[in-house]
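Me: Please go through this model with me and set each value against its definition.

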Amino acid sequence: MEALLIEKENKSATPAIQVSGSVAVLEAFLAEGVDTVFGYPGGAIMPIYDALYDYNDKLKHILVRHEQGAIHAAQGFARVSGRTGVVFATSGPGATNLVTGLADAMIDSTPVVCITGQVFAHLLGTDAFQETDVINITTPVTKWNYQVTDATEIPAVLARAFYIAGSGRPGPVLIDITKNAQLQLFDYNGYQKCEHIRSYRPKPIVRKEYIQEAAQLINAAERPFVIFGQGVILGKAEKEFQKFIEKAGIPSAWTIMGMSAIPTDHPLGVGMLGMHGNYGPNVLTNECDVLIAVGMRFDDRVTGRLDKYAKQAKIIHLDIDPAEIDKNVKATVPVWGDCKETLPLLTELVEQKVYPKWLQLFKDYQQKEVEKVIQEELNPTGEVMTMGEVIKTLNELTKGDAVIVTDVGQHQMVACRYAKYNKSKSNITSGGLGTMGYALPAAIGAAYGDPSRTTIAIIGDGGFQMTLQELGTIMQFKPKVKIIILNNQFLGMVRQWQQLFHEKRYSFVDITSPDFVQVAKGFGIPGKSISKREELKTSLQEMLEQDGSFLLEIMVGKENNVFPMVPQGRGVAECVLCREEI
Amino acid sequence: MTKQEYTITVYTENQIGLLNRIAIIFSRRKINIESLNTSPSEVDSVHRFTIVINETEDVVRKLCRQIEKQVEVLKAYYNTNDEIVWQELAMYKVPTEVIASSVKVERLLREHGAHTVVIRKDYTVFAVAGQREETDKLIKVLEPYNLIEFVRSARIAIIKASDGFHEKLKEFEYREPGEDAIENEFLNENEKVFSM
Ligand SMILES: Cc1ncc(C[n+]2csc(CCOP(=O)(O)OP(=O)(O)O)c2C)c(N)n1
């Protein structure tokens, strides 16, 4: 690692003290402002845990119940706080249990630093006890990974890890440290943050020509349309973004990951894009003349069939990652850069405008969606409760101030369609990977990420059973997590597809559940199960007023479907509002 | 767009694991690597990968961006065959007695520009540096004379239009990228990089 060695020579002459590799890891955390670690100990990481014993007053360690829980918690923490989440796991099974979370963090650009223990360096490659090739297993799902076998590397490697995880397009980093390096004593000269890696360009200098070209297109547009993703949130550019759309007067729709970057009731906010997004933004994507994509990556769940996607429009793509530009959709004007820098430049050049007729079109589509879908979903005439009315009632109680963490499935789509948000970093969900089991541990992390806010996890009966062991973490460490299980007694989203596209051949989607309230009770968490509408509001209120965690199971319609829907393989304009239209 | 042979030249840090990081960019997309070579470059401490694939330009461009996205990669270029000078090295092992007894073989080897690497009592090793067709041709020629072993190296290539990496590296080494010190490499080459 030549570059690292060179950097070390330049270090200021702080008198060296002898520390172990383990202590160097913890000192690095403190220097990086880490105060919370999610982890699970084991043989190969014991020296670090031993050192941790003396850092109890400075570093909060949350003992999860499974390493997947640790990394999802770190992700939830990162997404709510805007800081880097940190994880400890042991070698072998501890490390492999992180893989799902790494893949999730990779595709959703979540900054996480994982430290895994590894067998002694001299045992590498010998099939030693709990040895796995963690570096190679995790290479495709990490932004960067590195194996440390010599403690002297630790300060510089950790500095790189934090720099890489948090800068540019963020992502997960894994550092695998052999046990001998954790134990090794070395001359420690203090910690220096990393600010530059010559082969790594987190963001470019913005080229003004492209801003000018983009502004010209926008100023000449008659039906411009902004679509935005998590880049706005990751770039901490919510204000800059809002200023831009307000000056330019452009209707704006969010991806599931971009949600909450502007308040959901913003007058220019026209809803969510994508397979189960809103009708107007999907259909009108194919009617705008200039499409301005900000910090989003044209995922297939957003675009539907690519050859039927926005073919009529000139496309301006603002992104920090050059590999995203032209990857799925060819940009007319590429604006490569950090949107915190590019948006203000663009705002300066765009004319103050309004598009009342064009905006009205979105409202007309919205009206159609209300009549065909939303009205019945939020105010059902049937006896059984709908997921939508739960979210609506929750909105009334939280006023849009809560952090909502969702799992994956129908409840996720319904929650994201109907939840209200006033504040950024409020919608935490597994977008790119669609990881069932994400919500409960991510909510735990979210509760640590911003303890001043109410954290509500909304989970399906299936997904809850994937990581429910994390109730033990809640029991022991008492983060305040409000858990809502929307129980439709099915793996609902898969059932919906089987119903719509596989002639209702329900193949293994019928899932039975334990008595969730009893389960929670076993973990010392109060709970309640309801199936009647009359109990809904009071029960939600009871859940929110509880000082601490609470589990509320809500029985909802078994075979309700989520609409609108852009069926797989169709264009966004072929968004359907009901089963009959498919 | 039609597929053709592209040579990808990647300048990187010398880092364990980077070969795998680069290789999986291809295998993940089920793209076959025809040839891969790693070597030092003209710049001390900078490594150079030479990768040959058969793909459309659109795919190759996207692959290069994915490669450049790796933290330890400095730069990735791609070129068609007419933009590079390239060579491969081939080695042939034949029984020494055949060479000794046949004047024809000696002449053939000379005609193909082969030079002798080793002569032993039992076998002789010849080497040829050249392009694929040339080295292939010699296999055909030697087959009737009991060719014992054949091996060919990966392609190495020099980019005709390149000024080398010394100047580029200086740009990468600036700690605080200033407006004029660091060009925006992608956007500077808008035509090359952003047109389909
Ligand atoms: C780990 C994992 N396994 C499988 C899936 C496929 N999958 C997507 S949604 C879904 C059903 C989820 O059911 P449930 O948690 O009950 O939520 P619902 O859809 O009923 O709201 C499944 C199995 C997945 N996304 N993640």
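Me: What makes residues 1-9 of chain A a part of low pLDDT?
Reply: pLDDT is the predictor's confidence in each residue, from 0 to 100, and over residues 1-9 of chain A it stays under 50. The model nevertheless has 15 contacts (heavy atoms within 4.5 Å) beyond four places in sequence for residues 1-9 of chain A. This is a predicted model, in which local features need pLDDT of at least 70, side-chain atom pairs count only at pLDDT 80 or more, and totals for chains, interfaces and linings use all residues. Residues are numbered from 1 along each chain as its sequence is written, chains are lettered from A and ligands numbered from 1 in the order in which they are written, and side-chain values use heavy atoms, without hydrogens and water.

Me: Why is the pair formed by the ligand and A:Gly463 called a polar contact?
Reply: A polar contact is a pair of N or O atoms within 3.5 Å. An oxygen atom of the ligand lies 2.7 Å from a polar backbone atom of A:Gly463, so the pair meets that limit. A nitrogen atom of the ligand is 2.8 Å from a polar backbone atom of A:Gly434, and therefore this pair also qualifies.

Me: Which helix of chain A supplies the largest share of the shell around the ligand?
Reply: Helix 20 of chain A does, with 4 residues; helices are DSSP runs (H or I, at least four residues) numbered from the N terminus.

Key. Polar contact = N/O pair within 3.5 Å; in protein donor to acceptor, adjacent residues only side chain to side chain. Helix = DSSP H or I, 4+ residues; strand = E, 2+ residues; numbered from the N terminus.
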